[in-house]
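Hi there,

Here is the structure I promised to pass on. Have a look at it first, and then read on for what turned up.

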Amino acid sequence: MQAAGDQNRVTEFFEVHSENYGDFFKEDTRTGASEMFRTRLAIVAGLLAGKTGALLDCATGTGEITQAVNASGRYDQLWANDVSAGMLRAASQSIQPTHEAEVLRFINRDIFTIEEEPGLPAFDVILCLGLIAHVGRLDDLFASFARLLGPGGTVAMQTTVADQLWVRVARMVNNRRVAAGKLHQIHYFDIPSIEAAAAKAGFRTVAVRRFGVALPFGDKLLGRLNHWVESRFARGATRHGGDAVLIFERKPA
Ligand SMILES: C[S@@+](CC[C@H](N)C(=O)[O-])C[C@H]1O[C@@H](n2cnc3c(N)ncnc32)[C@H](O)[C@@H]1O
């Protein structure tokens, strides 16, 4: 289980990064990482196009993906949550209603306490993107999603793919940085273990989309070449991609 001290480190890390995290989504940011973030956005918005009802983003970051999903469907309510106040401030600029009747709520909570928030609806769609690497606790998350969603509700989850070749290399280096106290604990999952956790909580897998070459520290080591690699191959890396978006549906009780 994630200890409180670890979460404080994670929160501080993202509080610092909230200043420039949104740059990943700008077309003129020409790095491999930014290509992967924009690919993530396009895949999630595409897979969820046409959804309606109530949308919850567990960890909205600076809100670009939340807004892309919002714009790809027609929601009555959008709840954008993040543990970082700085991220949430930025998200409140990115996220806008897509029609007059849409209600927006911005919540500054640790996602593991979201069920204490008053007035929660039964959600139709939950986004959980870029979160599990930092908090782990997959079983707790899926159990909470099962309670938060109405029957037939959808979860979109993004993960780094633990057993992809290049991710394995990055893990070795990151583990050394964690051991040296330079980085908070990063949690890695392979796709079967995420699907197993989802199934245990009563979800069925609807789609798995892999993407991204994910060369380890590619932007640092290769500079513009890494941008070229990802812009050329990120979307096409559907079998060996280092990242994945998974869509789950809550089975009827
Ligand atoms: C890598 S960013 C992902 C942002 C966005 N979902 C995306 O895909 O670009 C991770 C986000 O998770 C948030 N976060 C970390 N721990 C959290 C927690 N326990 N509850 C809610 N948000 C959390 C961070 O503040 C940060 O905004």
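Before the ligand site, a word on classes: Ala, Val, Leu, Ile, Met, Phe, Trp, Tyr, Cys and Pro count as nonpolar, Asp, Glu, Lys and Arg as charged, and the others, Gly among them, as polar. Sorted that way, the shell around the ligand holds 11 nonpolar residues, seven polar ones and two charged ones. Please keep in mind that this is a predicted model.

**Around the ligand**

Which residues come nearest to the ligand? Of the 20 around it, they are Phe-14, Ala-59, Gly-61, Leu-129 and Gly-130. Two helices, H1 (4–17) and H5 (132–135), each supply at least two residues of this shell. The one that gives the most is H1, with three residues.

**The sheet**

Next, the strands. Seven of them form an open sheet with mixed pairing, and if you trace across it the order is E3-E2-E1-E4-E5-E7-E6. Strands E3 (103–107) and E6 (203–211) stand at the edges with a single partner strand each, so one side of each has no neighbour in the sheet. From one strand to the next, the twist averages 15°.

Strand E1 is a good place to start looking. With strand E2 (residues 74–81), strand E1 (residues 52–57) pairs in the parallel sense, over six bridges. One pair to pick out on your screen is Asp-57 and its bridge partner in E2, Ala-80. To get from E1 to E2, the chain passes through helix H3 (residues 64–72), and this β-α-β crossover is right-handed.

E1 also pairs with strand E4 (residues 123–128): the two run parallel and are joined by three bridges. Here you can look for Leu-56, whose bridge partner in E4 is Ile-126.

**Helix H4**

Last, a helix with two sides to it. In H4 (residues 85–94), the buried residues are Met-87, Leu-88, Ala-90 and Ala-91. Why do they fall on the same side of H4? They cover an arc of only 160° around the axis, and that puts them together on one side of H4. Turn to the other side of H4 and you will find Ala-85 and Gln-93, which are exposed.

Happy to go through any of this with you on screen.

Best wishes

Technical notes:
Residues numbered from 1 in each chain as written. Predicted model: local features only at pLDDT ≥ 70, side-chain atom pairs only at ≥ 80, totals over all residues. Near = placed C-beta within 6 Å. Helix = DSSP H or I, 4+ residues; strand = E, 2+ residues; numbered from the N terminus. Pairing = 2+ DSSP bridges. Axes fitted to C-alpha atoms, helices over the stretch in contact; angles between N-to-C directions. Right-handed = clockwise from strand over helix to strand, strands pointing away. Buried ≥ 20, exposed ≤ 12 C-beta atoms within 10 Å, placed from the backbone. Arc of directions from axis to C-beta.
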